[in-house]
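Hi,

Here is the structure I promised to pass on. Have a look at it first, and my notes on what turned up follow below.

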Amino acid sequence: MTEKSVDKRAVRSRNMIKTTFIELMQVEEYENITVTNVCSDAQISRSTFYQHYRGVAEVLDEVLYDVFQRVRGLKHLIEPKKSMDSIGQYECHMPICDFVRENPKYQYIITNPKLLNQVLVQYLKVMLPEKSSKIPIEWGYSREQLEAIYVFQMTGCLNAIRQNLNKSDREWDQIKRAIDKILMNGVSESAKVNE
């Protein structure tokens, strides 16, 4: 058997495990999901599961990491810019919010208050990788300060998503605009504009 075929099989198994985990999260509380549940629903053996993951928590971590990697524009949370797209439509500066609204299978995972710590840990791994020393000097913040800022903004973002998942797209767009205005201008400047 060639190394490539083994790699393809491993990727397929990992993806099957993650997909099954995401599906289980739609109907089960995280703390009730077991390796046995995942294996049964994915129709794989426990040994196959353990070839790839040490437990369900590791699957959760990888699912979250994958989500944050996919949301490439996430860095705009920390450095918002006023902008419109090419046809004059408002451009969201909280792409994770739109991602969660457009991908319901991730809603309960990303917005689950019980999973907040795991969400934030994976978010920070993507935003501020351990091995990265590429923190822009012009920002003037230490790594610890940036972590605190990212956690503050992401926590607010997650709460905004959770509270507004059932809003219409129009209502959500108005809420995003208000949030972005505050992020871009600060509370006092936004209040002056609205007077």
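Arginine 14 sits over the face of tyrosine 53, 4.4 Å from the ring centre; a charge counts as over a ring if NZ of Lys or CZ of Arg is within 6 Å of the ring centre and within 35 degrees of the ring normal. Before you read on: this is a predicted model, where local features need pLDDT of at least 70 and side-chain atom pairs count only at pLDDT 80 or more, while totals for chains, interfaces and linings use all residues. Residues are numbered from 1 along each chain as its sequence is written, and side-chain values use heavy atoms, with hydrogens and water left out.

Back to the rings. Tyr53 is also part of a cluster, linked by ring pairs to Phe49 and Tyr50. Rings of Phe, Tyr and Trp (its six-membered ring) pair if their centres lie within 6.5 Å, and planes under 30 degrees apart count as stacked, over 60 as edge-to-face and the rest as tilted. Searching the whole structure gives six aromatic pairs. One of them joins phenylalanine 21 and tyrosine 30, edge-to-face, with 6.3 Å centre to centre and 80° between the planes. Both phenylalanine 21 and tyrosine 30 are buried (buried is under 20% relative accessible area, exposed over 50%, partly exposed in between, with a 1.4 Å probe and protein chains only).

Arg14 turns up again around histidine 52, in helix α3 (residues 46–52). Leaving aside neighbours within four places in sequence, histidine 52 is in contact with Ala10, Ser13, Arg14, Ile17 and Glu58, where contact means heavy atoms within 4.5 Å. Histidine 52 counts as buried because its relative accessible area is 14%.

For the overall picture, the chain has nine helices and zero strands. These are DSSP runs numbered from the N terminus: helices are H or I with at least four residues, strands E with at least two. Of the 195 residues, 37% count as buried. Among contacts between residues at least 6 apart in sequence, 64% join residues at least 24 apart.

What about the core? The largest nonpolar one has 45 residues, and Phe21, Phe49, Phe68, Ile96 and Ile109 have the most contacts inside it. The elements giving two or more residues to this core are α1 (3–25), α2 (35–42), α4 (56–70), α5 (95–102), α6 (107–111), α7 (116–127) and α8 (143–164). By nonpolar core I mean a set of buried Ala, Val, Leu, Ile, Met, Phe, Trp, Tyr and Cys residues joined through side-chain atoms within 4.5 Å.

Two of those core residues are worth a click. Phenylalanine 21, with neighbours within four places in sequence left out, touches Tyr30, Ile33, Val56, Val59, Leu60, Val63 and Ile109. Phenylalanine 68 is in helix α4 and counts as buried because its relative accessible area is 1%. The C-alpha atoms of phenylalanine 68 and isoleucine 96 are 8.0 Å apart, with their positions 28 residues apart along the chain.

Ile96 brings us to α5, which is mostly covered: seven of its eight residues are buried. They are Pro95, Ile96, Cys97, Asp98, Phe99, Val100 and Arg101. How does α5 pack against α8? The angle is about 35° and the axes are 10 Å apart (axes are lines fitted to C-alpha atoms, for helices over the stretch in contact, and angles run from 0 to 180 degrees between N-to-C directions). From α5, Ile96, Cys97, Val100 and Arg101 meet Met154, Cys157, Ile161 and Asn164 of α8.

Also in α8 is valine 151, which counts as partly exposed because its relative accessibility is 26%. Valine 151 touches Leu120 and Leu124, not counting residues up to four places away in sequence. Its C-alpha lies 9.1 Å from that of valine 121, 30 residues apart along the chain.

Lysine 125 lies in helix α7 and, at 43% relative accessibility, counts as partly exposed. From lysine 125 to phenylalanine 68, the C-alpha distance is 9.1 Å, with the two 57 residues apart in sequence.

One last spot: glutamine 43, in the loop between α2 and α3. Its phi is near 60°, a positive value in a residue other than glycine. Glutamine 43 counts as exposed because its relative accessibility is 73%.

Cheers
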